[in-house]
Amino acid sequence: MSVKDKTILVTGASQGIGRGIALRLAKDGANIALVDIKADKLDSVRSEVEALGVRATTFTADVSKRDEVYAAIDHAEKELGGFDVIVNNAGIAQVKPLADVGPEDLERIFRINVDGVVWGIQAAAKKFQARGHKGKIINASSIAGHDGFAMLGVYSATKFAVRALTQAAAKEYASHGITVNAYCPGIVGTDMWVEIDERFAELTGAPKGETYKKYVEGIALGRAQTPEDVAALVAFLSSDDSDYITGQAILTDGGIVYR
């Protein structure tokens with residue numbers, strides 16, 4: 001399994017799962033385009049990537065804005081001399097009872113979690129076709145894209161949407177040699193889950209850390225997930241070994257949701 005010398009773009013790459021994915025792919029020999037809205041954090045990740053002996057470039061973009069996603073891919077091709085894989089990783093969480101969800105809540109999370117994936121699929125496929133070669137599109141779904149979770153209803157809806165987009169895009173682009181898959185993490189020990197836990201504490205009165213602990217205790221393999229666990233699956237989906245897999249949303253959760 002190898003991604004050596006491929007050019008791979010990762011959105012949401014400044015921290016958490018995105019950073020973990022970028023570092024794993026770099027370790028495996030890929031050149032990495034790091035994309036995030038948080039420009040101040042990108043340079044440190046770039047240094048970590050380059051320390052692994054590959055090339056890297058950074059681009060500041062808001063994935064909810066179509067033109068910026070297209071520009072990020074153009075930048076990656078220009079700076080790194082190719083374009084082979086996109087990892088549509090950027091996303092946000094939202095903890096709120098459905099009764100309290102307002103129009104602005106729906107608009108914000110769908111713009112990032114769903115619109116951003118659509119723009120990434122479009123822009124990557126167009127670039128693969130322009131370059132005249134096959135490519136891989138890899139999207140971030142979640143266990144919440146397989147089961148709807150209380151207090152995470154709208155977030156779950158966006159991740160179900162990513163699964164639908166993944167399946168549809170896989171069918172539309174298969175004849176072009178483009179595969180489209182998704183990865184579905186569970187309880188990952190990142191800043192996102194710190195925020196989720198704090199919000200649950202506010203809503204339910206549970207002590208801070210209790211919600212995270214409860215979910216981790218339900219994992220069959222007995223520990224929380226790490227970004228590296230997620231990155232291992234993404235590395236496989238980025239490699240030639242996954243060429244005959246498309247339209248799948250693969251659970252990587254240590255044993256929480258079973259399909």
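I take a cavity to be a set of grid points where a 1.4 Å probe fits but cannot get out. With that in mind I searched the whole structure, which is a predicted model, and found 1 cavity of 30 Å³ or more.

**Entry: the cavity**

I looked up the volume of the largest cavity and noted about 30 Å³ of space in it. Its lining, as I listed it, consists of T11, V63, V69, N88, A90, G116 and G120. When I sorted these lining residues by class, I obtained 3 nonpolar and 4 polar residues, with no charged residue in the set.

**Entry: the largest pocket**

I then turned to the largest pocket, for which I recorded about 1,200 Å³ of space. How many residues line this pocket, and which of them lie nearest its centre? I found 49 lining residues, and those nearest the centre are A90, G91, I92, A93 and M192. A90 is a residue I had already written down, since it also appears in the lining of the largest cavity.

I went through the secondary structure elements that contribute to the pocket, and noted that at least two lining residues each are supplied by helix 1 (16-27), strand 2 (31-36), helix 4 (103-131), helix 5 (153-173), strand 6 (178-185) and helix 6 (191-204). Which element gives the largest share of this lining? I found that helix 6 does, with 6 residues. By class, I counted 24 nonpolar, 13 polar and 12 charged residues in the lining of the pocket.

**Entry: Y155 and the UniProt record**

I checked the UniProt record, an unreviewed entry, and saw that it lists Y155 under "active site"; I keep in mind that such annotations may be inferred rather than shown by experiment. In the model I located Y155 in helix 5. Is Y155 buried or exposed? I count Y155 as buried, because its relative accessibility is 10% and the cut-off for buried is under 20%.

Leaving out residues up to four places away in sequence, I found that Y155 touches I92, A93, Q94, I109, N113, S142, A144 and M192. Among these contacts, I92, A93 and M192 are residues that I had noted as lying nearest the centre of the largest pocket.

The same unreviewed UniProt entry, as I read it, lists residues 6-186 as "domain: Ketoreductase". Over that range I recorded 49% helix and 19% strand, with the end C-alpha atoms 28 Å apart.

**Entry: aromatic pairs**

I searched for aromatic pairs and found 2 in the structure. One of them joins F83 and F128, which I noted as stacked, at 5.1 Å centre to centre and with 20° between the planes. F83 lies in the loop between helix 3 (66-80) and strand 4 (85-88) while F128 lies in helix 4, so the pair ties together parts that are 45 residues apart in sequence. I looked up the accessibility of both rings' residues, and at 0% relative accessibility F83 counts as buried, as does F128, likewise at 0%.

Next I took the pair of F149 and Y215, which is tilted, at 6.2 Å centre to centre and with 55° between the planes. This pair links distant parts of the chain, as I placed F149 in the loop between strand 5 (135-140) and helix 5, and Y215 in helix 7 (residues 210-217), 66 residues apart. I noted both F149 and Y215 as buried.

**Entry: backbone angles**

Most residues other than glycine have a negative phi. I therefore wrote down D5, which has a positive phi of about 70° although it is not a glycine,. I found D5 in the segment before strand 1 (7-11), where D5 is exposed, with a relative accessible area of 56%.

M151 also has a positive phi of about 70° without being a glycine. I located M151 in the loop between strand 5 and helix 5, and its relative accessible area of 27% makes M151 partly exposed.

**Entry: V54**

Where is V54 found? I placed V54 in the loop between helix 2 (39-50) and strand 3 (56-60), and with a relative accessible area of 12% V54 is buried. Leaving aside neighbours within four places in sequence, I listed A26, G29, A30, N31 and V49 as the residues in contact with V54. I also looked up the separation of the C-alpha atoms of V54 and L25, which is 9.8 Å for two residues that are 29 residues apart along the chain.

How values were computed: Residues are numbered from 1 along each chain as its sequence is written. This is a predicted model: local features need pLDDT of at least 70, side-chain atom pairs count only at pLDDT 80 or more; totals for chains, interfaces and linings use all residues. Side-chain values use heavy atoms; hydrogens and water are left out. Helices (H or I, at least four residues) and strands (E, at least two) are DSSP runs, numbered from the N terminus. Buried means under 20% relative accessible area, exposed over 50%, partly exposed in between (1.4 Å probe, protein chains only). Contact means heavy atoms within 4.5 Å. On a 1 Å grid over the protein atoms alone, a cavity is a set of points where a 1.4 Å probe fits but cannot get out, and a pocket is an open set with protein on both sides within 12 Å along at least five of seven lines; lining residues have an atom within 4 Å of a point. Grid points are joined across faces, edges and corners, and a volume is the space filled by probe spheres set on the points. Ala, Val, Leu, Ile, Met, Phe, Trp, Tyr, Cys and Pro count as nonpolar, Asp, Glu, Lys and Arg as charged, and the others, Gly among them, as polar. Rings of Phe, Tyr and Trp (its six-membered ring) pair if their centres lie within 6.5 Å; planes under 30 degrees apart count as stacked, over 60 as edge-to-face and the rest as tilted.
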